[in-house]
Amino acid sequence: MTPIRLSQLREVLGKNGIEATLEGDDRIVSAVNTLEAAAGGELSFLSNVKYLSALETTRADAVIVPNGVQVPARLTAMRCRDPYGAVTAAIVAIHGYRKHPQWGRSLSAQIDPTARIGSAPNLANGVTISAAAVVGNNCTMYPGCYIGEGARIGDDCVLFPNVVIYDGCVLGNRVTVHAGSVIGEDGLGFAPQNGHWVKIPQIGRVVVGDDVEIGANCTIDRATLGQTEIGSGTKFGNVVVIGHGTKIGPDCLFVGLVGLAGSVTVGRNVTLAGQVGVAGHLTIGDEARVGAQAGVNSDVDPKASMLGSPALPLDDARRSVVLVGKLPEMAKRLRSLEQEVRQLRAQLNGQVASGERAPT
Amino acid sequence: MTPIRLSQLREVLGKNGIEATLEGDDRIVSAVNTLEAAAGGELSFLSNVKYLSALETTRADAVIVPNGVQVPARLTAMRCRDPYGAVTAAIVAIHGYRKHPQWGRSLSAQIDPTARIGSAPNLANGVTISAAAVVGNNCTMYPGCYIGEGARIGDDCVLFPNVVIYDGCVLGNRVTVHAGSVIGEDGLGFAPQNGHWVKIPQIGRVVVGDDVEIGANCTIDRATLGQTEIGSGTKFGNVVVIGHGTKIGPDCLFVGLVGLAGSVTVGRNVTLAGQVGVAGHLTIGDEARVGAQAGVNSDVDPKASMLGSPALPLDDARRSVVLVGKLPEMAKRLRSLEQEVRQLRAQLNGQVASGERAPT
Amino acid sequence: MTPIRLSQLREVLGKNGIEATLEGDDRIVSAVNTLEAAAGGELSFLSNVKYLSALETTRADAVIVPNGVQVPARLTAMRCRDPYGAVTAAIVAIHGYRKHPQWGRSLSAQIDPTARIGSAPNLANGVTISAAAVVGNNCTMYPGCYIGEGARIGDDCVLFPNVVIYDGCVLGNRVTVHAGSVIGEDGLGFAPQNGHWVKIPQIGRVVVGDDVEIGANCTIDRATLGQTEIGSGTKFGNVVVIGHGTKIGPDCLFVGLVGLAGSVTVGRNVTLAGQVGVAGHLTIGDEARVGAQAGVNSDVDPKASMLGSPALPLDDARRSVVLVGKLPEMAKRLRSLEQEVRQLRAQLNGQVASGERAPT
């Protein structure tokens, strides 16, 4: 942690393109923390109006807030239009990113003589690098990582413990994979034959772009033929499951427990919320957003917002939910209409019977 | 396995607060088994009336049953109000809990010299304990476990193979973590900037209370700031996914494939059934119960029972399901009402035309 | 890769029971590839009419197509009734199945002296085989695999990196388990007692049949008592979660993120699509099919097709979805009926008032 004076931090934000103003004492802050947990000398922030009341009780010395939010006088306020971006920059400035243990090239790492390892390797005990694999410069691999035959890892990658990269798969530069994730396992490729399943050799691979971050315990199938692709800058939460031959564009964000079947094509900047499922062979357009637990079973237009299972455009999905909630009322209105119509008919027929000369 | 006479077992149950009566011979039983699989000399039980007919065909010598259930004369019946609790106590008495292999402090475990290890360590080959980590007394770690820098593990913990505890995370006493689970990975914390995602350093940690059991292949994000918390006595099934900064109270039960987003607050004794999802920043009250596959997108009251996606109170959710099932009938009634109203109008207009003096 | 002449390949298909005809030059093909990615000299195929237009642009030299599909003259067409089976056989003939690294019996594998290992072992560094375990002939275990005490592995099994088999569990012959999967962890077996959860020892095991393939990061609970069973020939995708005591028949196919609770009985040839959930103690009949994200909460008949949460027979589920989509229209028709009935009543009462002699 590097303590920083708020006026200096404002300059750092400026270099990040974030204009901020300071109201109150120009204090030194030593850490960023939540409003609830912050101690004296710490910087906090208001990310969500839900937590507005916590401004009154926080022990922080300074807070990052959006414009227009009232702040108690004892707190120095750092105002800007993008508090989320400002907090990110503040955390980076004060805390920085994780420092990894330094193992160098551990003697107990099992590195095949035909593998090529770049400069400044940081390979823990219990790492296995197989024949003909290529590892770039400055790569960190925690214990239990396995790099299969002929796999290629770019520069500046970080693989947390027990990450498995199957044979022939490719990671770009600056890729981070969290613990227990598996890249390149065979997909569920079986052909039915006389009531049994015959395995289709899965001879494709996975290609992961630059600056991708994969959460923990994810699984990304290799393609049956050709390649499964994860676009540059895309970020996955935990336990994201990607089927064989699926191609995901750049800068997407997939939350935990998302599952995509095989041969799906996803554009750029697509957001899939938690537990979303996508059926096979579909296309999801650029900048589409799919809400939690939605089940996508048809193509999604660019910029569309989808919700529900089966997934519908957001407005339709919400209207359906509202109307399903109104079903008890609708059922009641239907019953009273039926009763009323019965009465009307009786009244009309009675009237007919009495007020009209009998027709026959 | 320790064979036990049924009268002795009844005493064991009594010490566990379970009053039982014996009907039939006071036999010695050598194992607990299902009605279907039990052999002679074994004790079985009826947990679910669904399996009542299996009492007729079981080869067990004795059965634990609730009061009021008829039992064939050849079987000794042990009756009590809580058969589930009685079977638990019987299994503990006869079979006991798993005995772990004894590795002591394996020579091939990689233990940093600055780590502190308590008494009676049982650390397998392929275990890594990083710098400044603290491990309590009587801890068992199976092969492939990784304890990050500065992590703290309490007394009497059991980590099955390939469990990963990231840097700085804390486990209480008597915590069990099944194989492949990951505690403390970075959450999905990225700030959007010019169409790309900028990583927010995740500088918080995870704190797990005492007597927690975590299933296999779960993932628990560290907090961005502050801590993610798992309350004492809470139990997770497999592949439970917990987002950053979420705080879960004591004695909760989460079934497999449950996913909680970030900053959720869960009370005590909350039950989440399989595949439940909970959106971010929500509060779930004490003793709430959420049914399988429900999608919680608003706060849940204490003791509430919820179902559906979006989750509704149980009665509303069931009524919705019933009414959706009745939609075909409602659509039919609506059509016949429309027809009837058309006829009424025709009849009324016809009558008006014939029975009334023309108004103009 | 073994290049093959198309006429020879046709013979190979014939031996696999697939009759094919050749139209065009009898070329040699050196690889199978997708229409999009194929280069000259390669064989491709049309699996889905969705990709029909790709036939025009592919650089492949030959294509496997179903009867009746028009193929550009420059391509040799191999026609048959089962293109999927034909492609499978072609990939096997030309590419074959994965060749594993050959470690023999690695010196750094930790094999307990009381374990029995069959002939031709292929056990990597970082493999642990515990006391009294039995491993059959020709087994491959990648680094980080753990075989618990008394577990039994059949012949010709392949365990990819970091697979964990708990104590006492049994795999048949020719079983493949992908990376990170866990077999035999304790299920969520806890009895409530005074607001806390008391662990029920899980003394059963898991028995996996022959020719089973398990995807990556799956978890299969051991039974509390007796055994959890996975039938011969059954195939799982990734992150399939199976509860304790569940018994699955032969030749089933479970897609990614499927979760079954405990004590479920599944017949043979059952297909569960992605993210399906099944509640405890249910029975799913032979050849049933359950659509993606469905929530099964009652028994499923043999050969039934189910969809939705709660799962309904396919036709009912689709009708519900259609009718929910028509709710806005139904609500509108209900409103206009109410208005019309009001008018009719007014008209009728007005008429009554004027056209009828006052009754009292």
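In this predicted model, helix H1 of chain A passes helix H3 of chain A in a right-handed crossing. Two packed helices are described by the angle between their axes and the distance between the axes. Here, H1(A), which covers residues 6-15, and H3(A), which covers residues 83-94, pack at an angle of about 115°, and their axes lie 10 Å apart. On the H1(A) side, the contact is made by Leu9(A), Val12(A) and Leu13(A). Facing them from H3(A) are Ala86(A), Ala89(A), Ala90(A) and Ala93(A). What classes of residue does the contact of H1(A) with H3(A) have? A look through the names gives it away: there are seven nonpolar residues, with no polar and no charged ones.

From this pair of helices, it helps to step back to the whole of chain A. Its secondary structure comes to five helices and 39 strands. The C-alpha atoms of the chain fill a box of roughly 110 × 75 × 30 Å along the principal axes. How does this chain sit beside a compact globule in its radius of gyration? For 360 residues, such a globule would have a value near 21 Å, but chain A has 29 Å. Even so, 53% of the 360 residues of chain A count as buried. Sequence separation adds another view of the chain: among contacts between residues at least 6 apart in sequence, 22% join residues at least 24 apart.

The next topic is how the chains are arranged. Chain A is superposed on chain B by a rotation of 120° with 0.0 Å of shift along its axis, and the RMSD is 0.1 Å. These two copies are therefore related as by a three-fold rotation axis. For chain B and chain C, a rotation of 120° with 0.0 Å of shift along its axis likewise gives a superposition, with an RMSD of 0.1 Å.

Chains B and C also touch each other. Their contact takes 61 residues from chain B and 57 residues from chain C. Which helices of chain B each supply at least two residues of the side that touches chain C? They are H3 (83-94), H4 (314-325) and H5 (327-355). H5(B) gives the most to this side, with 12 residues. Sorted by class, the residues on the side of chain B that touches chain C divide into 29 nonpolar, 25 polar and seven charged. Charged residues thus have a place on this side of chain B, whereas the contact of H1(A) with H3(A) has none.

How values were computed:
Residues numbered from 1 in each chain as written. Chains lettered and ligands numbered in written order. Predicted model: local features only at pLDDT ≥ 70, side-chain atom pairs only at ≥ 80, totals over all residues. Least-squares fit on C-alpha atoms with pLDDT ≥ 70 in both. Contact = placed C-beta atoms within 7 Å. Helix = DSSP H or I, 4+ residues; strand = E, 2+ residues; numbered from the N terminus. Nonpolar A, V, L, I, M, F, W, Y, C, P; charged D, E, K, R; others polar. Rg over C-alpha atoms; globule rule 2.2 N^0.38 Å. Buried ≥ 20, exposed ≤ 12 C-beta atoms within 10 Å, placed from the backbone. Axes fitted to C-alpha atoms, helices over the stretch in contact; angles between N-to-C directions. Left-handed = near helix turned anticlockwise from the far one by under 90°.
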